[in-house]
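Reader: Before I set up anything around pockets, can you walk me through this one?

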Amino acid sequence: MTETPNRLPRPDSPVAAKVFASPNHGERLIGAEPPKGGSIRAPDMLILHYTGMPEAGEALTRLCSPISEVSAHYFVFEKGHVLQLVPEARRAWHAGVSFWQGETDINSASIGIEIANPGHPGGMPPYPDIQIDAVIALTQDIVARWGIRADRVLAHSDVAPSRKMDPGETFPWGRLSQAGVGHWVHPAAIAGGRFFSPGDRGQPVEALQAMFALYGYGIAITGLYDAETEAVVTAFQRHFRPARVDGIADASTLTTLRDLIASRPAATGA
């Protein structure tokens, strides 16, 4: 965060109107230690959340209360107004217990954005266009400045599938992708064919779990379609195949996952 004499700190992103400081942050860590030599760990992930509360003001108050011990770097109101709560150089407390591609300290590795929306508790209303326009502008700026790869722009539900559902199946990931933010393929059409569901077991389920682990999800390869596997499939569908979110790995889900693995930047060298 940049400070000038006799002035309030300026936001790191020009998309943010001002700083509304939260105390809920710490040093970014590498392992269990802060970086040495005064440098910071450069964030290489971007995590999107919804607030999941009826009123944006109430959510903002919670994110800035020392009692809550939760925060994010940015907050986006329904009408597109953006505030910065935590400096990007700091470790905001937004992801909790989470995992992606071997990383277990997502807070140290990421920048978090809270988007005002009542979420599933409030009936999962659509995100207003003006709000999504602001999210796109903010995320474009962040990924450009930090060089965040498309497949590391993720939902909170991707990194914590057993605990979280945000930003939910109504969040328009396709619009972000069209603007150059995030990894996306057109979801395969929902049709018949073989599927896997809770209780199934065997080598095909093991292969399914291995595909999800390859893409980045935290999943044990056990060969049993257990509650953890169902949660991962559900989280994947919320993000990448939102037309039907049921935790069943049907042909559409499998094809979409296959296409994502084949096209992600890490696979193409982009």
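**Confidence and pockets**

Reader: What is the mean pLDDT of the protein?
Author: Bear in mind that this is a predicted model. Of the protein's residues, 92% reach a pLDDT of 70 or more. The mean pLDDT is 92.

Reader: Over which residues does pLDDT stay under 50?
Author: Where pLDDT is low, the predicted coordinates should not be read in detail. The stretch you're after has twelve contacts beyond four places in sequence in the model. Its pLDDT stays under 50, and it covers residues 1-7.

Reader: OK, on to pockets. Which residues are the closest to the centre of the largest pocket?
Author: That pocket has a volume of about 450 Å³. It is lined by 22 residues. The closest to its centre are Arg62, Val70, Glu114, His156 and Lys164.

Reader: Which element gives the largest share of that lining?
Author: Two elements give two or more residues to the lining of the largest pocket: β3 (45-50) and α1 (56-63). The largest share is three residues, and it comes from α1.

Reader: How many residues in the lining of the largest pocket are charged?
Author: Split the lining by class and you get nine nonpolar and seven polar residues. The charged ones number six.

Reader: And how many charged residues has the lining of the second largest pocket?
Author: This second largest pocket holds about 160 Å³ of space. Its lining includes Val97, Phe99, Val159 and Pro161, along with Arg163 and Glu228. By class, the lining has six nonpolar and three polar residues, and the charged count is two.

Terms used
Residues are numbered from 1 along each chain as its sequence is written. This is a predicted model: local features need pLDDT of at least 70, side-chain atom pairs count only at pLDDT 80 or more; totals for chains, interfaces and linings use all residues. Side-chain values use heavy atoms; hydrogens and water are left out. pLDDT is the predictor's confidence in each residue, from 0 to 100. Contact means heavy atoms within 4.5 Å. On a 1 Å grid over the protein atoms alone, a cavity is a set of points where a 1.4 Å probe fits but cannot get out, and a pocket is an open set with protein on both sides within 12 Å along at least five of seven lines; lining residues have an atom within 4 Å of a point. Grid points are joined across faces, edges and corners, and a volume is the space filled by probe spheres set on the points. Helices (H or I, at least four residues) and strands (E, at least two) are DSSP runs, numbered from the N terminus. Ala, Val, Leu, Ile, Met, Phe, Trp, Tyr, Cys and Pro count as nonpolar, Asp, Glu, Lys and Arg as charged, and the others, Gly among them, as polar.
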